[in-house]
Amino acid sequence: MANYVPPTNKALSGVRVLDMTHVQAGPACTQLLAWMGADVVKFEAPTGDITRNQLNISVDGKRQESFYFKMLNSNKRSITVNMKSPAGREVFEQLVRKSDVIVDNFGPGVLARLGYPPATLHGLNPGLVIAAVKGFGAAGPYANYKAYEPIAQAMGGAMSVTGDPNGPPTISGAFIGDTGTGVHLAAGVCAALFHRTHNGGKGQEVEVAMMESVMNLCRVKFRDHLRLQGGKSALAEYGPPTLGLTYVPRALNDSGGGHVGSAIPCKPFGPNDYIYLIAQAQVVPVLLKEIGLDAGDERFAAAGPRNKNQNELWKIVGEYCKNYTKYEVTARFNELDIPCGPLMSTEEVVADPHVAFRDMWPVVDGHPDGPYNTVGMPIKLSLGNVDKIVTSPGLGEHTEEITKSVCGFSDTDFKRLQESGAFTLPPKK
Ligand SMILES: CC(C)(COP(=O)(O)OP(=O)(O)OC[C@H]1O[C@@H](n2cnc3c(N)ncnc32)[C@H](O)[C@@H]1OP(=O)(O)O)[C@@H](O)C(=O)NCCC(=O)NCCS
């Protein structure tokens, strides 16, 4: 992608992000900022973000850059800098001066070890928003632990409440610890940028810990924890018995919300042939009639018995559903205003006309490997998003351009920095 030019008329136009992130949690944040118009400078060690070379595939015998990298780093420019060389630090410091936000998701203490704790960064640029994803935060008993998605899900409560009550705890396929944390961080960055406009231009630190982001996303499970009252109270809407439990159990596909719900198999009974149905109180009489029961059936009409007898209800709905595909049931139930959706595989999601209409599986052009699809922008700003998702940058593709046009170094300086090893690793001895 030659010369990506960040847009000038979008929500975050004029905001420069020094993006020191890697893997998923941090890049998910900075990609959202890029899609809202920020100029995101992906600042990589000369070895590059590790995901460039993880989970790669080959097409026609040619190894491609990984989709892991491509799908998290669009609309960014890349510079490689060796922070462990004095010349590299010179470039870094100049970029700090020229940026509004710095984002990292390094392991515990990395930036400080490199010589840049927050006070030093604010010394270089008092307006800088210093944003970081950490596994567990900069302080506290777990501050020195590294974190990956499943660890955050395990420690934030999510894993213990996911899966079959009679089986092992299960990690969610939605990456709530990584991308979920990135989304939280993007909200914090936008708030800090807004704060800067009316606090004399002062930057501040924004930190999101993965464990805490997972806890936030499990908020309603902690609601249920409180409702258990240390074993004195039951969760009536859960299928499995809960009286006496002091922790929230796994409940397979129970909705766990104010209305009971479940996944019900449909014709032709493949691994993803299910609907998810919510027995929303106001439409229960309609649902009962549609599945051949009396609208006032005393097992199901009122919430109390319905909660207690929900497994029986799901069996009867299953008898109805076995004659139809998930799409047929969905269409019929939605006609009746009954909340219901088909369970969609990844294959079905990306081929879905609604997904296409919403531009959530766009084609990205411009990568040397050829065009590819990505998951689109879920935050729709009517004025503020980039017009087009643009491919992820090659490693160091914009090093010279950024050094000169952003940092303001001359041709001679660039050459000097280059020769002093600012952008590369020293040769192996
Ligand atoms: C994800 C994680 C476990 C990876 O661990 P890791 O591969 O050991 O990487 P770290 O972030 O700990 O360290 C990065 C190293 O690269 C070095 N580095 C980074 N950028 C550099 C640059 N431009 N030039 C030279 N060195 C650089 C750092 O100095 C550090 O080296 P050090 O350990 O000698 O201090 C860790 O980064 C982490 O816990 N991050 C926070 C939580 C998180 O985001 N996890 C989810 C990832 S999706």
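Ala, Val, Leu, Ile, Met, Phe, Trp, Tyr, Cys and Pro count as nonpolar; Asp, Glu, Lys and Arg count as charged; the others, Gly among them, count as polar. This is a predicted model: local features need pLDDT of at least 70, side-chain atom pairs count only at pLDDT 80 or more, and totals for chains, interfaces and linings use all residues. Residues are numbered from 1 along each chain as its sequence is written.

**Exercise 1.** Describe the shell around the ligand.

*Solution.* Step 1: find the residues near the ligand (C-beta atom, placed from the backbone, within 6 Å of it). There are 23 around the ligand, and Val23, Ala45, Met83, Asn105 and Gly107 come nearest.
Step 2: locate them on elements, which are DSSP runs numbered from the N terminus (helices: H or I, at least four residues; strands: E, at least two). Helix H1 (25-35), helix H4 (110-113) and strand E7 (129-134) each give two or more residues to the shell.
Step 3: sort by type. The shell holds 12 nonpolar, 6 polar and 5 charged residues.

**Exercise 2.** Work out the order of the strands in the sheet of E9, E10 and E11, and explain which stand at the edges.

*Solution.* Step 1: find the pairs; two strands pair if DSSP finds at least two bridges between them. E9 and strand E10 (residues 274-278) are joined by 5 bridges and run antiparallel. Here Ser262 stands opposite Leu277 in E10.
Step 2: write the order. The 3 strands form an open sheet, E9-E10-E11, with antiparallel pairing.
Step 3: look for the edges. Strand E9 (261-265) and strand E11 (340-342) each have a single partner strand, so one side of each lacks a neighbour in the sheet.
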